[in-house]
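Dear colleague,

Please find below the structure that I am handing over to you. My account of what was found in it follows directly after.

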Amino acid sequence: VQLQASGGGLVQAGGSLKLSCAASGRTFSSYVMGWFRQAPGKEREFVSAISGGRQYYADSVKGRFTMSRDNAKNTVYLQMNSLKPEDTGVYYCAARSSYGLSPSSHDYDYWGQGTQVTVSS
């Protein structure tokens, strides 16, 4: 599986961005998909995951971010609203071939190249 993330950019605090992650492969619908982010000098952290109709969010983004997927387009999305400066970082999409939502980056098998999100105050 190859993943290509896009949609990052510079936005003011309180603004919105929508990230996309396009995946290759015919079994896309069977993968658990996740979004992670990494701020400068910090470890990569979990943002959200989706499997079937179930979603899982980090507490820090709950109520502001919404993850969705379009299996016909082999694409997952991350709608980010009410952005804060602490949301700044490189956002990565990831795919997990095993069953179950997971917040651990170690459980994901495939990673995209990342897209930069910068939120100014």
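Please note that this is a predicted model. I begin with a salt bridge: R37 pairs with D87, and the closest N and O atoms are 2.9 Å apart. This pair links distant parts of the chain, since R37 belongs to strand β4 (residues 32-38) and D87 to the loop between β8 (75-80) and β9, 50 residues apart. D87 is buried, with a relative accessible area of 0%, and R37 is buried as well, with a relative accessible area of 6%.

D87 also meets the side chain of R64 in a salt bridge, at 2.8 Å from N to O. R64 lies in the loop between β6 (54-57) and β7, whereas D87 lies in the loop between β8 and β9, so this pair ties together parts that are 23 residues apart in sequence. Both D87 and R64 are buried.

R37 forms a salt bridge with E45 too, with the closest N and O atoms 2.6 Å apart. E45 is partly exposed, its relative accessible area being 36%. Taken together, R37, E45, R64 and D87 are linked in a network of salt bridges. The count of salt bridges in the model comes to four.

A further arginine deserves separate mention. R96 is found in strand β9 (residues 89-96). What is the nearest side chain of opposite charge to R96, and how far away is it? It is that of D107, 4.3 Å away, and R96 is buried yet has no salt bridge. A salt bridge requires a side-chain nitrogen of Lys or Arg within 4 Å of a carboxyl oxygen of Asp or Glu, so the distance of 4.3 Å between R96 and D107 does not qualify. The side chain of R96 does reach backbone oxygens: that of Y99 at 3.3 Å, and that of D107 at 3.3 Å. Leaving aside residues up to four places away in sequence, R96 touches Y31, V32, L101, S102, D107, Y108 and D109.

I turn next to the strands. An open sheet is formed by four strands in the order β1-β3-β8-β7, with antiparallel pairing. The edges are occupied by β1 (3-6) and β7 (65-70); each has a single partner strand, so one side of each is left without a neighbour in the sheet. From one strand to the next, the twist averages 15°. Within this sheet, β1 pairs with strand β3 (residues 17-23) in the antiparallel sense over four bridges. One residue of this pairing is A5, whose bridge partner in β3 is C21.

The edge strand β7 contains S68. S68 is partly exposed, with a relative accessible area of 30%. Apart from residues up to four places away in sequence, S68 touches I50, T75, V76 and Y77. The C-alpha atoms of S68 and S48 are separated by 10.0 Å, and these residues are 20 residues apart along the chain.

Strand β11 (residues 115-120) pairs with other strands in two senses. Strand β2 (residues 9-12) runs parallel to β11 and is joined to it by four bridges; here the bridge partner of G9 in β11 is V117. Strand β9 runs antiparallel to β11, and three bridges join the two; Y91 stands opposite T115 in β11. In a regular strand, the side chains alternate between the two faces of the sheet. In β11, the covered face holds T115, V117 and V119, and the uncovered one holds Q116, T118 and S120.

Finally, two loop residues call for attention on account of their backbone angles. Most residues other than glycine have a negative phi. N74 has a positive phi, near 55°, and is not a glycine. N74 lies in the loop between β7 and β8 and is buried, with a relative accessible area of 18%. S82 likewise has a positive phi, of about 50°, although it is not a glycine. S82 lies in the loop between β8 and β9 and is partly exposed, with a relative accessible area of 42%.

Yours sincerely

How values were computed
Residues are numbered from 1 along each chain as its sequence is written. This is a predicted model: local features need pLDDT of at least 70, side-chain atom pairs count only at pLDDT 80 or more; totals for chains, interfaces and linings use all residues. Side-chain values use heavy atoms; hydrogens and water are left out. Buried means under 20% relative accessible area, exposed over 50%, partly exposed in between (1.4 Å probe, protein chains only). Lys and Arg count as positive and Asp and Glu as negative; His and the chain ends are not counted. A polar contact is a pair of N or O atoms within 3.5 Å; within protein, one must be able to donate a hydrogen and the other to accept it, and residues adjacent in sequence count only if both atoms are side-chain atoms. Contact means heavy atoms within 4.5 Å. Two strands pair if DSSP finds at least two bridges between them. Axes are lines fitted to C-alpha atoms, for helices over the stretch in contact, and angles run from 0 to 180 degrees between N-to-C directions.
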